[in-house]
Amino acid sequence: MKSEITVGLLVSGIADNYPVSVCRGAMKAAKENGVKLAIFPGKYLDRDLTEMKEIMYEYQYNTLFSYAMGKRLDAVLIIADSIGCYATSGRIRELVEQYCQIPCVLIGSKLEGYVSVNYDNYSGISEAMNYLIHDLGIRNIGMIGGPEDNTDARERKNVFKRVLAENELPFEGRCYVEGSLSRYTKEIFNELIEKYPEMQAVFCVNDETAIGLYDVMKARRMMPGKDVMVFGFDNILSSPKMKPPLSSVWAEPSRLAENALQIALRMIAGEQVDEQVLPTKFIKRDSLGTDRKKHEHRCDRRVNRQRIDKYFDDIFYRYIKEETNNNIADIKAGYVELMHKVIDVYESGQSDIDQKNEIMRMLDGLLGNNMMDYADMENLLTHIELLYQAFRKKEGNQWRELEDTFTAVYRKAVMAVEQRLGKISADKEDDQYAMKLFVRDIMQFEKGTDQSYAVLLEHLEWFDIKNAYIYTFKKPIMHLEHERLDIPENLYLKAVLRDGAVESVLGAAQKIKTDDIFRSSMKGKDSNALVVLPLFSNEMVYGILVSDMTEKLFENGEFLVNQMGAAIKMLELLKSNAEIQRQLEESLITLKENNIELDTISKSDALTGILNRRGFQLSGEELLQRNKDLGVRTMVAYVDMNNLKIVNDRYGHDEGDFSIKLISEMLTEAVAGIGLAGRVGGDEFALAVSVSPDDEERAFVEKIYGRFQKYNEGSEKPYNITVSVGTCIVEADDALTLKEAMTLADGKLYAEKQNRVKSVAK
């Protein structure tokens with residue numbers, strides 16, 4: 001597959017379990033097929049946020065879907081029913097039809113006229129319900145469903161009714177309530193419990209719903225798995241960690257995404273494709289009761305070599321299809337070897353110290369391969385218990401000798417889990433500290449200039465991001481809820497992070513066609529997946545951040561969006577303030593220009609007596625043009641005082657004024673006879689000097705630095721006065737204006753400041 005193919009993935013955020021799993025599957029498939037993936041994490045379409053002040057501006061995330069339109073991508077994958085779980089079927093179709101110009105594959109959704117990849121809802125739900133009915137003798141089963149417009153919710157309700165009918169059980173209105181596919185509709189969960197008091201078990205349309213039901217049951221002093229049996233759907237990573245562990249129908253969303261991307265690539269190639277249905281599997285845990293006697297006939301109590309693969313699949317079912325995962329391959333090889341050794345002992349009826357030591361060595365090897373990161377702990381411990389019971393019932397004298405071995409095995413397994421939980425806790429503490437540093441560092445800018453955008457990309461290593469791009473609108477756009485946001489034809493690239501190195505983008509190079517941003521952002525990069533994140537603060541939208549998609553962004557992506565939005569809002573405020581100040585200065589200049597007697601004053605800086613911005617621009621343009629006419633080179637320099645704010649805060653504003661005056665004097669001396677100097681801002685100065693063909697920029701800069709070093713060495717002031725200098729050479733035949741040359745010199749000044757010593761006190 002050609003590397004220039006870029007596939008888009010539209011999901012309902014990157015924080016919830018379902019879309020995260022979909023993203024991981026699509027990223028894996030994109031990497032294996034050598035194509036690029038662009039992820040657009042919107043939110044829930046048409047969700048009413050009126051009473052949710054803390055997330056009332058989440059609707060801005062849905063502006064991302066507009067960037068995937070047109071022909072910016074080669075194909076698009078959409079988890080339409082998840083995005084539209086609060087919307088009508090008409091609105092969901094309206095969303096999908098916006099991408100009719102390119103191949104489109106739906107994930108976990110069905111819509112007439114579109115290809116889709118879905119679960120086989122019947123097999124897993126039927127297996128779970130028949131276990132309840134036939135193995136546990138339960139007759140009263142309720143269901144918490146989802147919106148009728150949601151494909152899976154509708155199908156799972158129909159399967160629920162079908163299995164009841166197959167077992168000659170009635171479907172009563174009081175045994176069913178419609179939820180929202182989330183944990184937050186607790187009033188619905190209470191309604192089911194109150195109107196169906198004889199309910200013995202409940203099927204939740206997904207595990208997110210089951211999490212909310214657990215909370216309601218515990219608030220009512222009801223115990224899942226004892227008072228009412230509970231099972232869900234999706235088998236999310238948190239399901240086995242719930243108390244009690246949640247039984248669920250395993251339907252891996254990552255597989256849906258992998259197959260959907262394969263279908264999209266076939267569609268791009270012009271092939272005919274059909275929808276796909278993937279199998280599901282019932283995973284039993286303690287939320288359906290802890291009494292194992294009632295289902296012992298379902299488990300092979302004998303230790304059997306022919307069932308080793310099945311044992312492995314039951315424990316590591318999430319990862320058995322990851323053929324390219326070296327860890328899984330090593331774990332399986334170690335597991336098979338260990339089981340054969342255990343069966344040797346079982347069949348021989350004898351054991352010795354060497355065999356015990358070998359078994360423990362093999363177990364240590366598995367634990368050292370991070371086995372616990374991949375195992376379903378409920379199934380693993382059940383497996384150990386079954387082995388324990390099998391050995392215990394076998395005739396012979398070896399049991400007492402092996403009992404200590406089983407105790408040690410169980411202890412090692414539990415200790416490995418404890419160590420893993422400890423590492424997770426330590427990692428969270430590290431993340432919290434890194435988060436504090438990030439919040440502090442991302443605001444380390446003083447001016448609302450284009451160079452300041454680079455600061456926002458300098459601290460993304462915590463997110464494992466090596467490549468990122470800040471694109472902004474020409475002007476911020478006010479976007480209210482339910483309004484359409486028309487994406488402009490062009491965006492402006494302000495700063496770039498490439499392979500860990502940050503650079504500002506200046507001048508005409510900023511303007512980028514919106515149609516090109518995804519392909520250009522990924523061109524030549526090792527990373528095959530990027531994510532598009534909105535840059536906004538409340539109603540104001542500033543643009544987008546395009547970056548590598550990393551694992552840390554799944555947990556912290558929304559935090560990054562919030563901080564980036566706040567930082568850019570601050571930049572915009574600084575920029576507006578500077579513009580107001582500039583307008584005030586221009587107004588003052590206009591007033592002064594009306595009086596010829598004030599002409600000289602209008603060109604001079606009141607504090608230092610040297611040229612002000614207007615005076616420098618007028619005199620500098622004259623010098624530049626004169627040099628061009630004479631065939632002489634001109635060096636334009638932008639000079640910035642380091643740490644003026646610290647001097648003001650620590651030593652007083654009088655000392656700050658002294659520093660500004662001293663800099664003015666020293667720069668004036670430096671250009672005497674060859675050019676001119678001006679104060680163009682609070683702590684900013686500019687120079688324009690005539691230079692010969694042999695003169696070097698660096699030598700001039702170092703000469704200025706030397707003047708300040710010499711002064712500081714002989715000064716009795718308790719602080720150092722230093723500057724940073726950026727330069728630009730204008731050749732005689734260059735078309736550059738003075739203003740353009742100053743912008744380029746300012747760009748070099750930004751890089752120069754990164755290398756200057758920031759210490760003020762001597």
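## Helices on the sheet

In this predicted model, helix 7 (residues 207-219) lies across strand 6, strand 8, strand 9 and strand 10 (247-250). The direction of helix 7 is at about 155 degrees to that of strand 9.

## The six-stranded sheet

The strands just named belong to an open sheet of 6 strands, arranged in the order 7-6-8-9-10-12 with mixed pairing. At the edges stand strand 7 (176-178) and strand 12 (281-283). Each of these has a single partner strand, so one side of each is left without a neighbour in the sheet. On average, neighbouring strands of this sheet are turned by 20 degrees against each other, with direction ignored.

Helix 5 (residues 151-166) also packs on this sheet, where it touches strand 6 (141-145), strand 7, strand 8 and strand 9. The direction of helix 5 makes about 170 degrees with that of strand 6.

Within the sheet, strand 8 (residues 201-204) pairs with strand 9 (residues 229-234) in the parallel sense, over 3 bridges. One residue of this pairing can be followed by name: V202 has V230 in strand 9 as its bridge partner. In a regular strand, side chains alternate between the two faces of the sheet.

## A hairpin later in the chain

Strand 14 (residues 490-498) and strand 15 (residues 501-504) run antiparallel and are joined by 4 bridges. The bridge partner of V496 is E503 in strand 15.

Together, strand 14 and strand 15 form a hairpin, with 2 residues between them. In the turn, D499 has a positive phi of about 50 degrees.

Notes:
Residues are numbered from 1 along each chain as its sequence is written. This is a predicted model: local features need pLDDT of at least 70, side-chain atom pairs count only at pLDDT 80 or more; totals for chains, interfaces and linings use all residues. Side-chain values use heavy atoms; hydrogens and water are left out. Two strands pair if DSSP finds at least two bridges between them. Axes are lines fitted to C-alpha atoms, for helices over the stretch in contact, and angles run from 0 to 180 degrees between N-to-C directions. Contact means heavy atoms within 4.5 Å.
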